[in-house]
Amino acid sequence: MVSFDFEGHITDIVDYPKPGVVFKDITTLLKDPDGFAATIDAIADHFAEVGVTKVVGAEARGFMIGAPVAYRLHAGFVPARKPGKLPREVRSASYELEYGTDELQIHVDAIGPDDVVLIVDDLVATGGTAEAQVKLIEQFGAKVAGLGFLMELAFLNPRETIAKITDAEVFSLVKVS
């Protein structure tokens, strides 16, 4: 494991976006060249030996972490986007939000059954977005190699949600209790 103070480079914003919430601002980590490199390197290094062929990142912050991890692993990058953002035929998966549902989509030719896929995102909270991505990858018949996150809101128990649909490893650099 990389010995970098990830938490020390993340800024707490109290009462944002509403009173009682402490928002974890990762932009202060990502703007630091050493912090950004350490983030990408730690996730890529952790999954370097599992044979990843594709990295999936959810819109939009998953792109910031997922694309450079894919580059480091010499894997393809596949964006998981909101409905209406991809121009060709897609596969879709819905997921629950605290106020309703949402959906992610991937192009039908983006992943094949022989792919070994790593899901990468900046944050896992309830696990709903991760669940939708796992469901999408399974639609292609591909293997989910793992899920890598910069930050995990452990107090929301996302691992329980993820464990209901996959036994793939969940790896987080920072766990917020």
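Modeller: Buried means under 20% relative accessible area, exposed means over 50%, and partly exposed lies in between. Keep those cut-offs at hand. The model is predicted.

Colleague: Is Val144 buried or exposed?
Modeller: Val144 belongs to strand S8. Its relative accessible area is 12%. The cut-off for buried is under 20%. Val144 is therefore buried.

Colleague: How far apart are the C-alpha atoms of Val144 and Val116?
Modeller: Along the chain, Val144 and Val116 are 28 residues apart. In space, their C-alpha atoms are separated by 6.0 Å.

Colleague: What is the volume of the largest pocket?
Modeller: Start with the lining. Of its 42 residues, those closest to the centre are Arg61, Leu123, Ala125, Thr126 and Leu153. The volume of the largest pocket is about 1200 Å³.

Colleague: Which helices give two or more residues to the lining of the largest pocket?
Modeller: Strands contribute too, among them S2 (22–25) and S5 (90–97). S6 (100–107), S7 (116–124) and S8 (143–153) also give two or more residues each. The helices that do so are H1 (27–30), H3 (61–72) and H4 (128–139).

Colleague: How many residues in the lining of the largest pocket are nonpolar?
Modeller: Take the other classes before this one. Eight lining residues are polar and eleven are charged. The nonpolar residues number 23.

Colleague: What kind of aromatic pair do Tyr16 and Phe23 form?
Modeller: A search of the whole structure finds four aromatic pairs. In the pair of Tyr16 and Phe23, the ring centres are 5.3 Å apart and the planes meet at 85°. Planes over 60 degrees apart count as edge-to-face. The pair of Tyr16 and Phe23 is therefore edge-to-face.

Colleague: Is Phe23 buried, partly exposed or exposed?
Modeller: Its partner Tyr16 has a relative accessible area of 45% and is partly exposed. Phe23 has 28% relative accessibility. That value lies between the cut-offs of 20% and 50%, so Phe23 counts as partly exposed.

Colleague: How many residues apart in sequence are the parts tied together by Phe47 and Phe171?
Modeller: The rings of Phe47 and Phe171 have centres 6.0 Å apart and planes at 85°, so this pair is edge-to-face. Phe47 is in the loop between helix H2 (33–46) and strand S3 (54–58), while Phe171 is in strand S9 (169–176). The pair therefore ties together parts whose separation in sequence is 124 residues.

Colleague: Is Phe171 buried or exposed?
Modeller: Phe47 counts as buried, at 1% relative accessibility. Phe171 has a relative accessible area of 8%. Under 20% means buried, so Phe171 is buried.

Colleague: Which ring has the charged end of Arg91 over it?
Modeller: The charged end of Arg91 lies 4.5 Å from the centre of this ring. The ring is that of Phe140.

Colleague: Which residue's backbone oxygen lies 2.8 Å from a polar atom of the side chain of Thr39?
Modeller: Thr39 sits in helix H2. It is buried, at 0% relative accessible area. The backbone oxygen belongs to Gly35.

Colleague: How far is the C-alpha atom of Thr129 from that of Ser94?
Modeller: Thr129 is in helix H4. It is partly exposed, at 25% relative accessible area. Thr129 and Ser94 are 35 residues apart along the chain. Their C-alpha atoms are separated by 8.7 Å.

Colleague: What is omega for the cis peptide bond that joins Glu59 and Ala60?
Modeller: Most peptide bonds are trans. A cis bond joins Tyr16 and Pro17, with omega about 5°; Pro17 is in the loop between strand S1 (11–14) and S2. Ala60 lies in the loop between S3 and H3. For the cis bond of Glu59 and Ala60, omega is about -15°.

Colleague: What is phi of His74?
Modeller: Most residues other than glycine have a negative phi. Asp15, partly exposed at 43% relative accessibility, has a positive phi near 60°. His74 lies in the loop between H3 and strand S4 (76–80) and counts as exposed at 76%. Phi of His74 is positive, about 55°.

Technical notes
Residues numbered from 1 in each chain as written. Predicted model: local features only at pLDDT ≥ 70, side-chain atom pairs only at ≥ 80, totals over all residues. Heavy atoms only, no water. 1 Å grid on protein atoms, 1.4 Å probe; cavity = no way out; pocket = protein on both sides within 12 Å on 5 of 7 lines; lining within 4 Å. Points joined across faces, edges and corners; volume = space filled by probe spheres on them. Helix = DSSP H or I, 4+ residues; strand = E, 2+ residues; numbered from the N terminus. Nonpolar A, V, L, I, M, F, W, Y, C, P; charged D, E, K, R; others polar. Phe/Tyr/Trp six-rings, centres within 6.5 Å; stacked < 30°, edge-to-face > 60°. Buried < 20%, exposed > 50% of the residue type's maximum accessible area, 1.4 Å probe, protein only. Lys NZ or Arg CZ within 6 Å of the ring centre and 35° of its normal. Polar contact = N/O pair within 3.5 Å; in protein donor to acceptor, adjacent residues only side chain to side chain.
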